[in-house]
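Student: I'd like to go through this one with you and check how each label is earned. Can we start from the terms?

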Amino acid sequence: MKKLFLLLFCLTFLFVFSCATNPPVASDSAAKIDKEIAEGKIPTIEYKILLNENLFKFNFNEAGDPILTADIAKVLKEAGVVFPADKGPAKKGANLYAVTENGELQKQELIYRIKEDSLNPAKSKITLKSRGDNFENLDFKTVEKVAYEFDAAASGKPTTDRNKLVHKYNTSLDFKYDSSKDFAVKDGKLDFQDSWKWLDKKYYWVHHMLRQNYPSIVNATFPGVAYTYSFIGEPADTDPKYKDLEFAFDYWIMKKDGKEKIVTELSWENTVDLTPERKVILDNYYFNMYKKLYDKGYVKKDQLLKTDEYLKFFK
């Protein structure tokens with residue numbers, strides 16, 4: 001009897017252990033994403049590749065802005081994207097993210113982001129973003145004019161398995177302000193309360209919603225500033241199926257206590273609503289570009305989102 005009990009125990013243990021450690025069936029992930037796209041839930045996707053910043057040697061102009069050199073442009077063109085060589089950034093500004101006392105995002109991964117535009121201050125904006133691993137847990141879905149999108153990225157060795165892509169679901173709302181008039185980063189700092197009071201004055205209903213749903217946000221802070229520079233490119237492949245893609249090469253620099261962190265990322269997004277068939281084409285396009293950069297050592301080992309790089313550095 002004891003032997004039978006022991007045998008049953010071992011079999012049960014092996015079954016539980018197997019269920020706990022085996023990944024879900026590979027086809028579930030891509031199939032679920034395709035279904036949600038077919039249902040019209042997520043029309044936009046942004047693909048991202050975090051790059052080894054130490055392998056890109058930028059020049060700098062008199063203002064201290066990075067210049068995308070001919071050597072960098074050559075690497076990116078070989079990967080499939082054309083960027084103007086020896087040119088300064090098309091966009092320039094500062095990003096800040098509100099965090100709790102523990103240096104984390106608000107509950108449910110709420111992102112409260114300041115995006116200050118240095119070249120066109122009137123286009124500065126506060127972005128509220130609900131980010132999650134599934135559609136069901138997203139906030140702001142009942143708010144008018146909310147935007148829906150995926151962030152998508154691979155990690156590790158190149159693959160062509162669509163189930164290996166990691167997706168983050170997002171809903172987002174933007175509220176424009178003028179950083180030359182309303183509030184702005186000064187001496188590498190911005191008080192969260194400056195933006196919070198402005199939001200209360202201009203968009204009381206948003207302010208009220210955040211207080212109700214995310215009560216700890218009233219004590220949030222901006223732990224630091226990411227100075228951001230963005231270069232705009234286009235696909236090297238002139239095939240019409242890629243013409244709606246918008247490319248960016250982002251260069252971020254963050255400083256704290258005498259240390260600095262540089263983040264470089266290649267990303268692109270569609271401007272025509274997704275279909276499941278279109279998603280397959282874009283996934284394969286991404287895999288091809290990822291492999292070209294990976295094979296030359298340009299892909300960073302840890303494929304974090306830039307937001308997570310910010311949180312990690314300033315925590």
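Tutor: Sure. Strands here are DSSP runs of E with at least two residues, numbered from the N terminus. By that rule, E265 is found in strand β12. Keep in mind that this is a predicted model.

Student: Why is E265 called buried?

Tutor: Buried means under 20% relative accessible area. E265 has 1% relative accessibility, so E265 counts as buried. As for its surroundings, E265 and S230 are 35 residues apart in sequence and 9.6 Å apart in space, C-alpha to C-alpha.

Student: And why does K91 count as exposed?

Tutor: Exposed takes over 50%. K91 comes in at 52% relative accessibility, so the label fits. K91 is found in strand β5, residues 91–97, and K91 also joins K115, K123 and K176 in a positive surface patch.

Student: What makes strand β1 mostly covered?

Tutor: The count: 8 of its 8 residues, 44–51, are buried. Both faces are covered, with T44, E46, K48 and L50 on one side and I45, Y47, I49 and L51 on the other.

Student: How do you know that β1 pairs with β12?

Tutor: Two strands pair if DSSP finds at least two bridges between them. There are 6 bridges joining β1 to β12 (residues 259–269), and these two run antiparallel. Within that pairing, K48 stands opposite S267.

Student: How many bridges join β1 to β8, and do they run parallel or antiparallel?

Tutor: β1 and β8 (residues 147–153) share 4 bridges and run parallel, so they pair by the rule of at least two. Here I45 stands opposite F150.

Definitions and conventions:
Residues numbered from 1 in each chain as written. Predicted model: local features only at pLDDT ≥ 70, side-chain atom pairs only at ≥ 80, totals over all residues. Heavy atoms only, no water. Patch = residues over 30% accessible without salt bridge, like charges linked within 9 Å, V, L, I, M, F, W, Y side chains within 5 Å. Areas by Shrake-Rupley, 256 points an atom, 1.4 Å probe, with all protein chains shown as cover. Salt bridge = Lys/Arg side-chain N within 4 Å of Asp/Glu carboxyl O. Lys, Arg positive; Asp, Glu negative; His and termini not counted. Charge placed at Lys NZ, Arg CZ, Asp CG, Glu CD. Buried < 20%, exposed > 50% of the residue type's maximum accessible area, 1.4 Å probe, protein only.
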